[in-house]
Amino acid sequence: MLGGLARIQNTFFDVPMIAHVMPTLLRVGLPNTILLAVLSSLIGMAVGLMIATGLLARPVGVRLGCRVYVDVLRGLPHILTIYLIGQGLPIAGLSLFGTDTYAYAALSIGLIEGAYMAEIFRAGLQSVERGQIEAARTLGMTKWQTMRDIILPQGIRRVLPPLTGQFILVIKGTALVFLLGLTSSQREIFSIAQDSAINNANLSPLTAAGILYLALTVPMTYAVNAWERRLRGERQGGPANA
Amino acid sequence: MPDAEAAVAVRFERVGKRYGATDVLSDISLDAGRGTTTCIIGPSGSGKSTLLRCTNLLTRPDTGRVLIDGVDITRPGVDVDAMRVRVGMVFQHFHLFSHLDVLDNVTLGLRRVRRMARAEAEARALVQLRAVGLEGLERRRPAALSGGQQQRVAIARALAMEPAVMLFDEATSALDPELVKGILKVMRDLALSGMTMLVVTHEMRFAREVAGNVVFMDRGRIVETGPPDRLFDHPQTARLQQFLDQVL
């Protein structure tokens, strides 16, 4: 019984080993994970905003194309998409970023996130009251001016909490880029932990990685929830618009 | 008769609009004289708001024509945005831009559509805001204003564009009773200043006192039209009589 517990502790919670891998995780892994998550999210936001406008566009072809994009990228396992884009593009001769695995990693996650963020943006844009748009158009503002001056500023505010929620998913999603084979200085949290776990035939480095991920994601999750509660309160507490 | 033509600011010619199987507007023909106030009354669902929205093409008629100053705005290829600058509109629920303060609400159209510099737009906005009695509230957000104040901002926002025609879509229906009078006074002053106005309203007293012409609509049709004293005191149709019995 006690022997079993000791084995579990040695396998998962080997303190010296955690202490050994932690500096590398913090120095190399953490910045890489965050950088990768931020880069992918930026790509995802740009793609997502474009696709969202497409989803709401009038021409059926545009709408359909964007719908297919969203459905396909949300419907595929991320691991498959990352393989196809991250490994596939350079193989297919589309070496947009030379041999920089990091860029392909960011691009593939960004394209996936674009599909999820498109739906978030679409909901945000659609949440803007019809009357706000009519008021703008009545003044003689064009569609584009209305989008820039009314719909986007109002929609973005409501979209920030769910976008941050999506960012938390991206942080976790970056773990998948180990597939693409990163150089030692490019490795993010999971890759470092995995290498170390294999080299030491012990899972404790993965536990260390887990602790880091949780330290990132749990506080952010609570922050987003509080933020959303506040926005909801503002909207309900505000003077009646009806 | 060119003079008679020039005296017409807004003309509806056999305007029709269907939603699915229902005719929301059928065969509406109506002239609104320049500088006059036309009040459109009728039960809810009678199509009066839809008719008003056809005046600036927020709703596009299926059939018929709408002419503003003799120009057919329903013709394909018409610059709808340019036309809308000339037609101001005030909504039942104000629809102030919720993320902008009072001053920016009034200046946005001037800056974006009229391409005015910010300083010039603000100067003009301040004049309009003062005219509707809102001095000192320039930096408030709409949410921090009463309904009556919000509607004043909406009126100032529309007037700042210097429209030739003003549309009011039940502008006082969403207001607390004690705030209605103030808005009606602003509207009355505007009418007296010679603005061409189309007013959808349930305020029969306003219609009687201010309107040059009253239009009674029911089920998408104009049932009766005429000067207020005739319409209110000597209704020609049973339907109008019945409506007046209920609202007066």
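The turns below go through the chain contact, the nonpolar cores, one sheet and one residue of a predicted model.

In this predicted model, local features need pLDDT of at least 70 and side-chain atom pairs count only at pLDDT 80 or more, while totals for chains, interfaces and linings use all residues. Residues are numbered from 1 along each chain as its sequence is written, and chains are lettered from A and ligands numbered from 1 in the order in which they are written.

User: Which element gives the most to the side of chain B that touches chain A?

Analyst: Two residues are in contact if their C-beta atoms, placed from the backbone, lie within 7 Å. The contact takes 19 residues from chain B and 19 residues from chain A. On the chain B side, the elements giving two or more residues are α3 (80-85) and α4 (102-112); helices (H or I, at least four residues) and strands (E, at least two) are DSSP runs, numbered from the N terminus. The most, four residues, comes from α3(B).

User: Why does the largest nonpolar core lie between two domains of chain B, and which are they?

Analyst: A nonpolar core is a set of buried Ala, Val, Leu, Ile, Met, Phe, Trp, Tyr and Cys residues joined through C-beta atoms within 7 Å, where buried means 20 or more other C-beta atoms within 10 Å of the residue's own, exposed 12 or fewer, and partly exposed in between. The largest such core has 113 residues, with Phe168(B) among those having the most contacts inside it. Domain bounds come from an automatic or database domain assignment. Both domains give residues to this core, so it lies between domain 1 (2-86 + 164-247) and domain 2 (98-162) of chain B.

User: Which strands stand at the edges of the six-strand sheet in chain B?

Analyst: Strands pair if DSSP finds at least two bridges between them. The open sheet has mixed pairing and the order β6-β7-β8-β3-β9-β10 in chain B. One side of each edge strand is left without a neighbour in the sheet, because each has a single partner strand: these are β6 (87-90) and β10 (221-226) of chain B.

User: How many bridges join β7 to β8 of chain B?

Analyst: Strand β7 covers residues 165-169 and β8 residues 196-200, and the two run parallel. Asp169(B) stands opposite Val200(B) in β8(B). The number of bridges joining β7(B) to β8(B) is five.

User: Is Asn213(B) buried, exposed or partly exposed?

Analyst: Asn213(B) is in strand β9 (residues 213-218) of chain B. Beyond its neighbours within four places in sequence, Asn213(B) contacts Thr36(B), Thr38(B), Thr225(B) and Pro227(B). With 19 other C-beta atoms within 10 Å, Asn213(B) is partly exposed.
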